[in-house]
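Student: Can we go through this protein together? I would like to ask short questions and reason out each answer.

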Amino acid sequence: MKIKEIKLYQLLMDMRNPFTTSFGTQQKRFITIVEAIDEDGTSGFGECVSGEDPLYSEEFMDSTLIALKKYFGPLVIGKEISHPDEVWEIYKPFKRNNMAKACIEGAVWDLYAKQKGITLAEALGGKKTSVDVGVSLGIEDTDEALLEKIDEKVKEGYKRIKVKIKPGRDVDMIKNIREVYPDIPLMVDANSAYTLDDIETLKALDEFNLMMIEQPLMAGDLIDHAKLQKEIKTPVCLDESIDSYEAAAAAIEMGSCQIINVKVGRVGGLTQSIKIHDLAEKHNIPLWCGGMLEAGVGRLHNVAITSLSNFTLPGDTASSSRYWFEDIITPEVVAENGTVTISDKPGIGAEVDFDKMKQYLVKTETITADDQLDMIMHN
Ligand SMILES: O=C(O)CCC(=O)C1=CC=C[C@@H](O)[C@@H]1C(=O)O
Ligand SMILES: [Mg+2]
């Protein structure tokens, strides 16, 4: 394939409910949709998952937009690409910027699957026809308010409930949840809000039979997580610390976690996600696919990667309606009783609906062969 043009659609979407983590509260989501168009006019779609501000990772919406326009778009336009895994190789000299790299690579994967007439899941090597999903719930002001949300999501049939914790909203809150729901599959995500000085609090969580504790300590850290895992029974799951295949390999070797949350954007794309998948499978480390408050395109990429065999734990890809009044794809992602069925249509398996997208559109940019790579360094 040869990509002739890349379009970037920057969207601003209102969220149904505020989402609070240890980083703060969010009520709107900026999203960049990437459309890669080949010489025959076929389009593949990707979604950039960077946050609005560099709180979850160092990337943020404005930085990814610049990186896409200046480097990662021009680098693939006009190149003969026979397989999407070549995109990672093309980007290799350029350090990190994983979320920017991943969204174009994702669009190339979708395009590749469409050209072959197969689903994105099949193109990735996935065998499942449906995937189990859970839901991620933000911090609420009171335990009563959180319990109401949990009640709603348990009734909707989600296969596990993840709640956010932070210092002061942890042990007592989980105790209250367990009093009402002694048996639901429950996990917590701290978004790196603790240090080893909080070991007693983290140990106290052991008595609640949690599926895992996600990213308790600093983003990027592997050493302290390995020390922590030796002290607690609850499996540690790493999110922010797994920002590459190499980080996953080191975490497995050091015993920093027993479970990995794969976020496609965070690790640099689908090709890297498959590499991590294969390595983790070899080492009996189960995976699940995390979410980044994605609109439909990103959700469908998440569903596709979850079709691989070692994604054995329910991920974060809840229904489109979890966050959005109206998603940008037709049909939307719908979890029924905690299961999302994978469409048998080629590629991501749904249409990007430009009429729906219009209501959220902030700006559109087009990258063409005229946009040369703009670098000071030259070979
Ligand atoms: O529903 C989803 O998309 C998952 C939401 C979620 O938990 C997160 C989204 C974005 C950044 C983080 O706050 C967080 C996470 O750490 O997994
Ligand atoms: Mg997380």
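Student: Over how many bridges do β1 and β15 pair?

Tutor: Helices (H or I, at least four residues) and strands (E, at least two) are DSSP runs, numbered from the N terminus. Two strands pair if DSSP finds at least two bridges between them. β1 and β15 meet that rule in the antiparallel sense, and their bridges number six.

Student: What kind of model is this, and which pLDDT do local features need?

Tutor: Residues are numbered from 1 along each chain as its sequence is written, while chains are lettered from A and ligands numbered from 1 in the order in which they are written. This is a predicted model: totals for chains, interfaces and linings use all residues, side-chain atom pairs count only at pLDDT 80 or more, and local features need pLDDT of at least 70.

Student: Which residue of β15 stands opposite Y9?

Tutor: Stay with the antiparallel pairing of β1 and β15. Across from Y9, in β15, stands T364.

Student: Which strands are at the edges of the open sheet that holds β1?

Tutor: Four strands form this sheet, in the order β3-β2-β1-β15, with antiparallel pairing. An edge strand pairs on one side only, and that description fits β3 and β15 (361–367).

Student: What angle does helix α1 make with β2?

Tutor: Axes are lines fitted to C-alpha atoms, for helices over the stretch in contact, and angles run from 0 to 180 degrees between N-to-C directions. Two residues are in contact if their C-beta atoms, placed from the backbone, lie within 7 Å. Helix α1 (residues 61–72) packs on the sheet and touches β1, β2, β3 and β15; its angle with β2 is about 10 degrees.

Student: Which strands does α11 lie across?

Tutor: α11 runs at about 95 degrees to β3. The strands that α11 lies across are β2 and β3.

Student: Now the other sheet. Why is one side of β5 and of β11 left without a neighbour?

Tutor: Seven strands form an open sheet with parallel pairing, in the order β5-β6-β7-β8-β9-β10-β11. β5 (135–137) and β11 (287–289) stand at its edges, so one side of each has no neighbour, as each has a single partner strand.

Student: Which residue in β9 stands opposite I213?

Tutor: Strand β8 (residues 213–214) and strand β9 (residues 236–238) run parallel, joined by two bridges. Opposite I213, in β9, is V236.

Student: At what angle does helix α10 run to β10?

Tutor: Helix α10 covers residues 270–282. It lies across β10 (259–262) and β11, and its angle to β10 is about 165 degrees.

Student: Which residues does the UniProt annotation "active site" cover?

Tutor: The entry is unreviewed. UniProt positions are given in the numbering used here, feature names are shortened, and annotations may be inferred rather than shown by experiment. With that caution, the record's residues are K164 and K263.

Student: Is K164 buried or exposed?

Tutor: K164 is in strand β6 (residues 161–164). A residue is buried if 20 or more other C-beta atoms lie within 10 Å of its own, exposed if 12 or fewer, and partly exposed in between; C-beta atoms are placed from the backbone. K164 has 24 C-beta neighbours inside 10 Å, so K164 is buried.

Student: Which residues is K263 in contact with, leaving aside its neighbours within four places in sequence?

Tutor: K263 is in the loop between β10 and α10. K263 is buried, because 28 other C-beta atoms lie within 10 Å. Its contacts are D239, G290 and M292.

Student: What is the phi of Q215?

Tutor: Most residues other than glycine have a negative phi, and most peptide bonds are trans. Q215 lies in the loop between β8 and α8 (223–231). Q215 is not a glycine, yet its phi is positive, at about 40 degrees.

Student: Is L293 buried, partly exposed or exposed?

Tutor: L293 is in the loop between β11 and α11 (296–306). Its phi is positive too, near 55 degrees. It has 19 other C-beta atoms within 10 Å, so L293 is partly exposed.

Student: What is omega for the cis peptide bond that joins T330 and P331?

Tutor: P331 is in the loop between β12 (329–330) and β13 (339–341). For the cis bond between T330 and P331, omega is about -10 degrees.
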